[in-house]
Amino acid sequence: WYYRGRDFRQKIGKLDKSKEYLVRCRSGGRSAAASKIMVEMGFKVVYDLADGMMGWEEEGKPVSKK
């Protein structure tokens with residue numbers, strides 16, 4: 001879901017706020033913004049992949065592309 005989408009908060013609001021979530025995007029900017037919104041909405045545990053998938057891959061971490 002796109003964090004700037006008009007229905008983002010509505011869609012996110014349907015999720016269980018007590019569960020853990022990992023938010024990621026390509027470079028880290030959008031996931032940071034989305035994570036911030038989620039925390040503001042009362043989500044208890046939100047992990048943001050700070051440097052995005054690009055940073056993950058640059059670190060040599062495994063990626064499964066299906």
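Two residues are said to be in contact here when heavy atoms of theirs lie within 4.5 Å. In that sense Ser35 touches Val23, Val46, Tyr47 and Asp48, leaving out residues up to four places away in sequence. This contact list belongs to a predicted model, and the paragraphs below lead from the overall layout to the surroundings of Ser35 and back to the strands.

The protein has 66 residues, of which 24% count as buried, and its C-alpha atoms fill a box of roughly 35 × 25 × 20 Å along the principal axes. Its secondary structure comes to three helices and two strands, and from the N terminus on these elements follow one another in the order α-β-α-β-α. Among the contacts between residues at least 6 apart in sequence, 56% join residues that are at least 24 apart.

The two strands are a good place to begin. Strand S1 and strand S2, the latter made of residues 45–48, pair in the parallel sense over four bridges. Between them the chain passes through helix H2, and this β-α-β crossover from S1 to S2 is right-handed. Within the pairing, Tyr21 stands opposite Val46 in S2.

In a regular strand the side chains alternate between the two faces of the sheet. For S1, the covered face carries Tyr21 and Val23, whereas the uncovered face carries Glu20 and Leu22. Both residues of the covered face reappear in the largest nonpolar core, whose nine residues are Tyr3, Phe8, Ile12, Tyr21, Val23, Ala34, Ile37, Met38 and Phe43. Helix H1 (8–13), strand S1 (20–23) and H2 are the elements that give two or more residues to this core, and the largest share, three residues, comes from H2.

The structure also holds two aromatic pairs. The ring centres of Tyr21 and Phe43 are 5.6 Å apart and the ring planes stand at 85 degrees, so this pair is edge-to-face, the term for planes over 60 degrees apart. The pair links distant parts of the chain, since Tyr21 belongs to strand S1 while Phe43 lies in the loop between H2 and S2, 22 residues apart. Tyr21 and Phe43 are both buried.

Helix H2, which spans residues 29–40, holds Ser31, and Ser35 is found in helix H2 as well. Why does Ser31 count as buried? The relative accessibility of Ser31 is 1%, and buried means under 20%, so Ser31 falls in that class. Ser35 counts as buried because its relative accessibility is 7%. Each of these serines has a side chain that reaches a backbone oxygen: that of Ser31 reaches the oxygen of Gly28 at 3.2 Å, and that of Ser35 reaches the oxygen of Ser31 at 2.8 Å.

Beyond the residues up to four places away in sequence, Ser31 touches Val23, Arg24, Cys25, Asp48 and Leu49. Val23 can then be followed from the side of the strand: apart from its neighbours within four places in sequence, Val23 is in contact with Ser31, Ala34, Ser35, Met38, Val46, Tyr47, Asp48 and Leu49. Val23 thus leads back to the core described above, where Val23, Ala34 and Met38 are among the members.

Leu49, which has appeared among the contacts of Ser31, lies in the loop between S2 and helix H3 (52–58). With a relative accessibility of 18%, Leu49 still counts as buried, because the limit for that class is under 20%. Leu49 and Val23 are 26 residues apart in sequence, yet their C-alpha atoms are 6.3 Å apart in space. When neighbours within four places in sequence are left aside, Leu49 is in contact with Leu22, Val23, Arg24, Gly28, Ser31 and Trp56. Gly28 therefore enters the picture in two ways, as a contact of Leu49 and as the residue whose backbone oxygen is reached by the side chain of Ser31, where contact means heavy atoms within 4.5 Å.

Conventions: Residues numbered from 1 in each chain as written. Predicted model: local features only at pLDDT ≥ 70, side-chain atom pairs only at ≥ 80, totals over all residues. Heavy atoms only, no water. Buried < 20%, exposed > 50% of the residue type's maximum accessible area, 1.4 Å probe, protein only. Polar contact = N/O pair within 3.5 Å; in protein donor to acceptor, adjacent residues only side chain to side chain. Core = buried A, V, L, I, M, F, W, Y, C linked by side-chain atoms within 4.5 Å. Pairing = 2+ DSSP bridges. Right-handed = clockwise from strand over helix to strand, strands pointing away. Phe/Tyr/Trp six-rings, centres within 6.5 Å; stacked < 30°, edge-to-face > 60°.
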